[in-house]
Each structure stands twice: as C-alpha cells, then as structure tokens.
Amino acid sequence: MSLGGCIILIAVGAILTFATDWDMEGVNLDLVGVILMIVGLIGVTTFSSIARRRRVVVPPATPVVEERHHHRRDGYSDGYGV
C-alpha cells in the first residue's frame with residue numbers, strides 16, 4: 001500500500017467516525033472509522049520507515065586530478081645533450 005492509500009484510509013475513517021450519523025444494523029460505523037484510521041496510521045509509519053531505509057547516501061564524486069609532468073627543455077634533459 002502506498003502513502004496515498006494510507007492517507008485515504010485515514011480520511012475515510014475520519015469521515016465515518018466524525019462526519020456521519022448513519023445507523024446500520026449490526027455495524028458500528030464509528031468503530032469501523034476508528035479501525036480504518038488506525039490501519040492508515042500503521043501504514044504511514046511502516047511506509048515511512050521503509051522509505052527511510054531505502055534512501056542511500058551517495059558520497060560525493062571525487063574529482064580526477066591528472067598529474068602533468070612538465071619537462072624542461074634545457075638541452076640536457078631531452079636526450080640531445082650529455
């Protein structure tokens with residue numbers, strides 16, 4: 001169940017508990033609403049803990065430093081001199 005589904009369960013449970021005054025024989029809608037809100041809250045906490053574990057911290061890329069050797073051309077180090 002995704003985070004959106006959990007939030008929908010909480011919203012439907014709150015509507016059934018606080019915003020309706022329907023009476024159904026054999027069904028307590030207030031209790032059904034409370035159960036839906038609890039299931040939604042459990043889903044949100046589970047989803048957030050799983051999402052926190054999936055988050056991987058990638059270390060910043062280290063720049064590649066190329067070393068350049070600068071040869072002096074003084075007549076002795078290039079092989080022409082002795």
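In which helix is Thr17 found? Thr17 is found in helix α1. The structure is a predicted model, and the values below are computed from it.

The chain holds two helices and zero strands. Helix α1 spans residues 3-19. Helix α2 covers residues 29-54. Of the 82 residues of the chain, 12% count as buried. The chain exposes about 7500 Å². Carbon and sulfur atoms supply 63% of that area. Contacts between residues at least 6 apart in sequence were also examined. Among these, 50% join residues at least 24 apart.

Thr17 has a relative accessible area of 13%. Thr17 therefore counts as buried, since the cut-off for this class is under 20%. The side chain of Thr17 takes part in two listed approaches to backbone oxygens. A polar atom of this side chain lies 2.8 Å from the backbone oxygen of Gly13. For the backbone oxygen of Asp30, the corresponding distance to a polar atom of the Thr17 side chain is 3.4 Å. Beyond residues up to four places away in sequence, Thr17 touches Asp30, Gly33, Val34 and Met37.

Val34, one of these contacts of Thr17, is found in helix α2. Its relative accessible area is 34%, so Val34 is classed as partly exposed. Val34 and Gly13 are 21 residues apart along the chain. Their C-alpha atoms are separated by 5.9 Å. Gly13 thus appears twice in this account: its backbone oxygen lies 2.8 Å from a polar atom of the Thr17 side chain, and its C-alpha atom lies 5.9 Å from that of Val34.

Met1 lies in the segment before α1. Met1 counts as exposed because its relative accessibility is 68%, and the cut-off for exposed is over 50%. Met1 nevertheless has contacts along the chain. With residues up to four places away in sequence set aside, Met1 touches Cys6, Leu9 and Phe47. The C-alpha atoms of Met1 and Gly40 are separated by 9.7 Å. These two residues are 39 residues apart along the chain.

Phe47, touched by Met1, is found in helix α2. Phe47 is partly exposed, with a relative accessible area of 33%. Phe47 also belongs to a nonpolar patch on the surface. The other members of the patch are Leu3 and Ile7. Together, the three residues have about 240 Å² of accessible area.

Ser49 is likewise placed in helix α2. Ser49 has a relative accessible area of 24%, and is therefore partly exposed. The side chain of Ser49 reaches the backbone oxygen of Thr46 at 2.9 Å.

Definitions and conventions
Residues are numbered from 1 along each chain as its sequence is written. This is a predicted model: local features need pLDDT of at least 70, side-chain atom pairs count only at pLDDT 80 or more; totals for chains, interfaces and linings use all residues. Side-chain values use heavy atoms; hydrogens and water are left out. Helices (H or I, at least four residues) and strands (E, at least two) are DSSP runs, numbered from the N terminus. Buried means under 20% relative accessible area, exposed over 50%, partly exposed in between (1.4 Å probe, protein chains only). Contact means heavy atoms within 4.5 Å. A polar contact is a pair of N or O atoms within 3.5 Å; within protein, one must be able to donate a hydrogen and the other to accept it, and residues adjacent in sequence count only if both atoms are side-chain atoms. Patches are made of residues with over 30% relative accessible area and no salt bridge: like charges are joined within 9 Å, nonpolar side chains (Val, Leu, Ile, Met, Phe, Trp, Tyr) within 5 Å. Accessible areas come from the Shrake-Rupley method with a 1.4 Å probe; for residues, only the protein chains shown count as cover. A salt bridge is a side-chain nitrogen of Lys or Arg within 4 Å of a carboxyl oxygen of Asp or Glu.
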